[in-house]
Amino acid sequence: MKITKLISLLSMLLAFSACKVESENIFTMFDDVKVTFQKDSEYAIVEDAIVNDGDSVHIYFTITSAKEDMMTVVVDSTNGTGTWSRREIEVTGPDRRAYSGVVKFKMQRDGKMNFRFYALNDNNVYIGDGYTSITVEGAPSYTLFPDRRLYAPVEGEDNPSFLSLTTGKTYSYSNAANVSDQIDFGIDTIADTRAGYESNFAYNLYALTVDEYPVPYYDVSGWTKRETKFSAPMSASGSYNTFTRTLVSSSKIEEIAKNQTIDKEQTDGILSGEGLAAARLIYFRTPEGKYGAMYVNQATRDQQNRQYVSVDIKIQK
């Protein structure tokens, strides 16, 4: 009985060994396809590179297949915000074994963009990318100041109600007096007088050059007045995506900002939901000519019940 079981087990092992097929190595199974890059213009790159905002970039590539025809060449690109694009190129005739092309663009984003070139056969099946890609990195061209909290001014208190776009810091009235030449904005609040909204406020932004200073218990008569201007707050539904996915380089910030009317020294909200309300976007220009944008995250209270607005800021370097 034991001998019979042993023979059966041995037979199964032999059968399994006979059926076993060696799997191809993922690192060699697509060796037939090669991708190379050429230096065919003054803007061409042939390896990972760091470029400046506004630079032209050319990627000349050649993709070859040794054993089977390429019916489609695909150019994939991704960037740091997670945006992905795919361009499919139909290949004909002799190009099906060796195709050359070029990707040209103007760098208008900080951070990395990755480009990958691969081929598909007549069954639309992936046959290789040469195990290579090329990454273009945009050098930093703007500065991000995240979650800057501007507190509502309260008489008898000294909370940070002022902001410097030069340093990215917020300052209380007493501290701001010593660096007034760097102060670009302050905020003020107006109580919402509608029934049921008595505990709510409109938050307003102002520059120190405003004709009628809005906080009566602050004396800024001896301060340096920076002539920073800003746009009216914008409440478009896509403001957050604009701030995070469109305003991604100095040149894009300036391009978009120049299409806005930037001439205000004070917002004029009188009801909660106006002025510096959540999801509002404001563009600005400093006296030095730098453009930027401010996105309002929220208007709320902290654990000490102090009212404040949280803003994210992008400004050209």
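**Entry 1: β7 and its partners**

I take two strands as paired if DSSP finds at least two bridges between them. The model I am reading is a predicted one.

I began with the hairpin of β7 and β8. Five residues lie between its two strands, and among them I looked up N124, which takes a positive phi near 65°. Strand β7 covers residues 111-120 and strand β8 residues 126-128; I find two bridges between them, and they run antiparallel. One pairing I noted is that of L120 with Y126 in β8.

I then followed β7 to its other partners. With β4 (residues 72-79) it pairs in the antiparallel sense over eight bridges. There I see D76 opposite R116 of β7. With β9 (residues 134-138) the pairing of β7 is again antiparallel, and I record five bridges. In β9, I134 is the bridge partner of F115.

**Entry 2: β9**

How many of the five residues of β9 are buried? I find four, so this strand is largely enclosed by the rest of the structure. I also looked up the pairing of β9 with β2, which is parallel and has three bridges. V51 has G138 of β9 as its bridge partner.

**Entry 3: nonpolar cores**

Which residues have the most contacts inside the largest nonpolar core? I list I59, F105, F115, F117 and V136, in a core of 26 residues. The strands that each supply at least two residues of this core are β1 (33-38), β2 (49-51), β3 (56-65), β4, β6 (98-106), β7 and β9. I note as background that nonpolar side chains tend to be buried together in soluble globular proteins.

I examined F115 in particular. Setting aside neighbours within four places in sequence, I find F115 in contact with I59, D76, S77, V103, F105, S133, I134 and V136. Apart from this core lies another, of 20 residues, which includes L163, L276, V296 and V311.

**Entry 4: the five-stranded sheet**

I traced an open sheet of five strands with antiparallel pairing, in the order β10-β18-β17-β16-β15. Strands β10 and β15 (229-230) each have a single partner strand and stand at the edges, so one side of each has no neighbour in the sheet. Between β10 and β18 I record eight bridges in the antiparallel sense. R149 stands opposite S310 of β18.

Two helices pack on this sheet. I find α3 touching β10, β16, β17 and β18, with its direction at about 135° to that of β17. Helix α4 also touches β10, β16, β17 and β18, and its direction makes about 85° with that of β17.

I next looked up the edge strand β15, where F230 lies. Is F230 buried or exposed? Its relative accessibility is 0%, so I enter F230 as buried. From F230 to N305 the C-alpha to C-alpha distance is 29 Å, at 75 residues apart in sequence.

**Entry 5: helix α4**

Helix α4 spans residues 250-257, and I list S250, K252, I253, I256 and A257 as its buried residues. Why do I place them on the same side of α4? They cover an arc of only 165° around the axis, and therefore they share one side of the helix. The elements that cover these buried residues include β10 (142-151), α3 (239-246), β16, β17 and β18 (307-316).

**Entry 6: two loop residues**

I looked up S180 in the loop between α2 (173-176) and β13 (185-191). Because buried means under 20% relative accessible area, S180 at 8% counts as buried. Not counting residues up to four places away in sequence, S180 touches L208, W223 and T224. I also note that a polar atom of the S180 side chain lies 3.0 Å from the backbone nitrogen of T224.

My last residue was E288, in the loop between β16 (281-285) and β17 (291-301). Its relative accessible area is 52%, so E288 is exposed. The side chains of E288 and R226 are joined by a polar contact of 2.9 Å. I also took the separation of E288 and T228: 60 residues in sequence, and 8.9 Å in space from C-alpha to C-alpha.

Note on methods: Residues are numbered from 1 along each chain as its sequence is written. This is a predicted model: local features need pLDDT of at least 70, side-chain atom pairs count only at pLDDT 80 or more; totals for chains, interfaces and linings use all residues. Side-chain values use heavy atoms; hydrogens and water are left out. Buried means under 20% relative accessible area, exposed over 50%, partly exposed in between (1.4 Å probe, protein chains only). A polar contact is a pair of N or O atoms within 3.5 Å; within protein, one must be able to donate a hydrogen and the other to accept it, and residues adjacent in sequence count only if both atoms are side-chain atoms. Contact means heavy atoms within 4.5 Å. The arc is that of the directions from the helix axis to the C-beta atoms. A nonpolar core is a set of buried Ala, Val, Leu, Ile, Met, Phe, Trp, Tyr and Cys residues joined through side-chain atoms within 4.5 Å. Axes are lines fitted to C-alpha atoms, for helices over the stretch in contact, and angles run from 0 to 180 degrees between N-to-C directions.
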